[in-house]
Amino acid sequence: MAKIINGKKIAAEFCNSVRERVDELKVRGVFPRIALINASNDPASEIYVEKKETLAESVGIKSDTYKFTAGTKEADIAELIEKLNADNNVHAILLQSPLMEGLRFRELVNLISPDKDVDGLTSINQGRLFSGEPGVVPCTPLGVLHLIRSIHEKVAGLHAVVIGRSSIVGRPTTLLLLNANCTVTALHSYSRNLPEVCRTADILVSATGQPKFVGRDFVKPGATVIDVGVSRITAPDGTKKIVGDVDFDEVSEIAGAITPVPNGVGPMTVAYLMYNTLKLACCY
Ligand code: NDP
């Protein structure tokens with residue numbers, strides 16, 4: 001039976017260290033502050049933003065939420081981003097995705113100053129990750145690597161397979177693991193023989209959003225399995241529940257270590273949002 005990687009506990013411990021460093025920074029007269037821009041009409045975004053506000057408060061980071069409603073134009077958000085870029089009291093800016101229909105994420109996110117781009121999604125920060133230069137790295141991949149390191153003291157030379165290649169999760173996770181000297185295989189919806197390729201992985205990261213897509217036939221006995229996926233499904237009895245990409249019951253029987261959904265990667269993502277805010281307040 002696999003070791004369950006308790007993301008909630010690991011994230012709480014990590015946040016304690018963030019809180020201590022926030023306190024130190026305040027003594028030096030710097031008060032870390034994050035702006036959360038919510039121009040989404042996805043109900044889940046509302047919950048994610050609330051979680052970010054709550055965690056920010058608990059680690060001593062000031063957060064301001066800017067909620068946009070239906071009919072918002074890109075120019076309205078662009079104007080806010082410009083204002084926040086120019087405000088020396090704001091260290092970090094997050095544009096919550098997905099945006100409402102009609103608003104273009106890439107165009108808007110690229111208006112954020114790379115030095116305040118807390119989720120590392122501007123083309124500048126993505127380019128820095130690509131070339132292995134220091135920059136802001138997206139929060140979810142940082143959380144994924146942290147969880148992997150809780151199992152593997154050394155990751156160099158291990159074979160990591162990442163399913164998914166989005167610019168928010170899959171692609172930066174692949175690059176982060178490559179920069180950490182793993183041998184990395186990136187899979188996507190055009191890839192062939194997925195189970196066979198995945199069975200060669202020492203570390204398997206799945207970020208597809210396909211519920212219970214990864215079964216026991218994808219996993220080498222003893223492998224570490226990190227499930228990034230979050231899907232809301234209706235069970236046969238009508239109850240709604242959240243599941244990951246991985247069929248947890250099946251895979252936990254053969255994996256060496258596995259993250260649950262919920263309480264795996266999710267808490268780490270929010271913890272790293274706080275870490276990146278701190279980093280931006282310290283260093284830029
Ligand atoms: P996207 O939809 O942007 O990307 C999904 C990726 O999975 C694409 O690259 C797609 O391939 C690939 N994919 C989809 N179906 C298959 C398949 N059958 N076989 C192989 N590859 C496939 O999603 P995100 O990257 O934004 O998010 C992925 C999941 O992670 C979602 O469930 C999301 O909710 C969750 N998430 C969780 C977070 C957390 O903190 N826990 C944070 C962010 C996201 P292709 O490129 O070819 O289309």
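**Close-up 1. The cavity count for this predicted model comes to one at 30 Å³ or more.** The model is predicted, and that applies to every view below. The largest cavity holds about 30 Å³ of space. Its lining is made up of I93, L94, L95, V109, I112, D117, V118, D119 and L121. Strand β4 provides the largest share of that lining, with three residues. Sorted by class, the lining of the largest cavity has seven nonpolar residues and two charged ones, with no polar residue in the set.

**Close-up 2. Here we look into the largest pocket, with about 1400 Å³ of space.** There are 46 residues lining the largest pocket, and the ones closest to its centre are Y48, T140, V230, G266 and T269. Several elements chip in at least two lining residues each: α1 (7–27), α2 (43–59), β4 (92–95), α6 (139–149) and α10 (265–283). Helix α2 gives the most, with eight residues. As for chemistry, the lining of the largest pocket splits into 26 nonpolar, 13 polar and seven charged residues. Strand β4 turns up in this view and also in the lining of the largest cavity.

**Close-up 3. The second largest pocket has about 190 Å³ of space.** Its lining runs to 13 residues, and F130, R171, P172, T174 and L175 are the ones nearest the centre. Helices α5 (123–131) and α7 (170–179) each put in at least two lining residues. Helix α7 gives the most to this lining, with six residues. The class split for the second largest pocket is six nonpolar, five polar and two charged.

**Close-up 4. Helices α1 and α2 cross with their axes within 8 Å of each other.** The crossing angle is roughly 55°, so α1 and α2 count as oblique to each other. On the α1 side the contact residues are C15, R19 and V22, and they meet L55, S58 and V59 of α2. That contact includes four nonpolar residues, one polar and one charged. Both helices also help line the largest pocket, each with at least two residues.

**Close-up 5. Six strands make up an open, parallel sheet.** Reading across, the order is β1-β11-β8-β7-β5-β6. Strands β1 (3–4) and β6 (183–187) sit at the edges with a single partner strand each, so one side of each has no neighbour in the sheet. Helix α7 packs on this sheet and touches β5 (159–163), β6 and β7 (203–206). The direction of α7 makes about 170° with that of β5. Further along the order, β8 (residues 224–227) and β11 (residues 257–258) pair in the parallel sense over two bridges. To find that pairing on screen, look for T224, which stands opposite A257 in β11.

**Close-up 6. Strands β9 and β10 form an antiparallel hairpin.** Strand β9 covers residues 231–234 and β10 covers residues 240–243, and four bridges join them. A handy landmark is I233, which stands opposite K241 in β10. Five residues lie between the two strands, and in this hairpin G238 takes a positive phi near 90°.

**Close-up 7. A cis peptide bond links S97 to P98.** Omega for this bond is about 0°. P98 belongs to the loop between β4 and α4 (105–109). The strand before that loop, β4, gives three residues to the lining of the largest cavity.

**Close-up 8. V261 and P262 are also joined by a cis peptide bond.** Here too omega is about 0°. P262 is found in the loop between β11 and α10. Helix α10 spans 265–283 and supplies at least two residues of the largest pocket's lining, while β11 is the strand that pairs with β8.

**Close-up 9. N181 has a positive phi of about 70°.** It takes that value although N181 is not a glycine. N181 lies in the loop between α7 and β6. That loop therefore leads to an edge strand, since β6 has a single partner in the sheet. As for α7, this helix touches β6 as part of its packing on the sheet.

Notes. Residues are numbered from 1 along each chain as its sequence is written. This is a predicted model: local features need pLDDT of at least 70, side-chain atom pairs count only at pLDDT 80 or more; totals for chains, interfaces and linings use all residues. Side-chain values use heavy atoms; hydrogens and water are left out. On a 1 Å grid over the protein atoms alone, a cavity is a set of points where a 1.4 Å probe fits but cannot get out, and a pocket is an open set with protein on both sides within 12 Å along at least five of seven lines; lining residues have an atom within 4 Å of a point. Grid points are joined across faces, edges and corners, and a volume is the space filled by probe spheres set on the points. Ala, Val, Leu, Ile, Met, Phe, Trp, Tyr, Cys and Pro count as nonpolar, Asp, Glu, Lys and Arg as charged, and the others, Gly among them, as polar. Axes are lines fitted to C-alpha atoms, for helices over the stretch in contact, and angles run from 0 to 180 degrees between N-to-C directions. Angles under 35 degrees count as roughly parallel, over 145 as roughly antiparallel, 65 to 115 as roughly perpendicular and the rest as oblique. Contact means heavy atoms within 4.5 Å. Two strands pair if DSSP finds at least two bridges between them.
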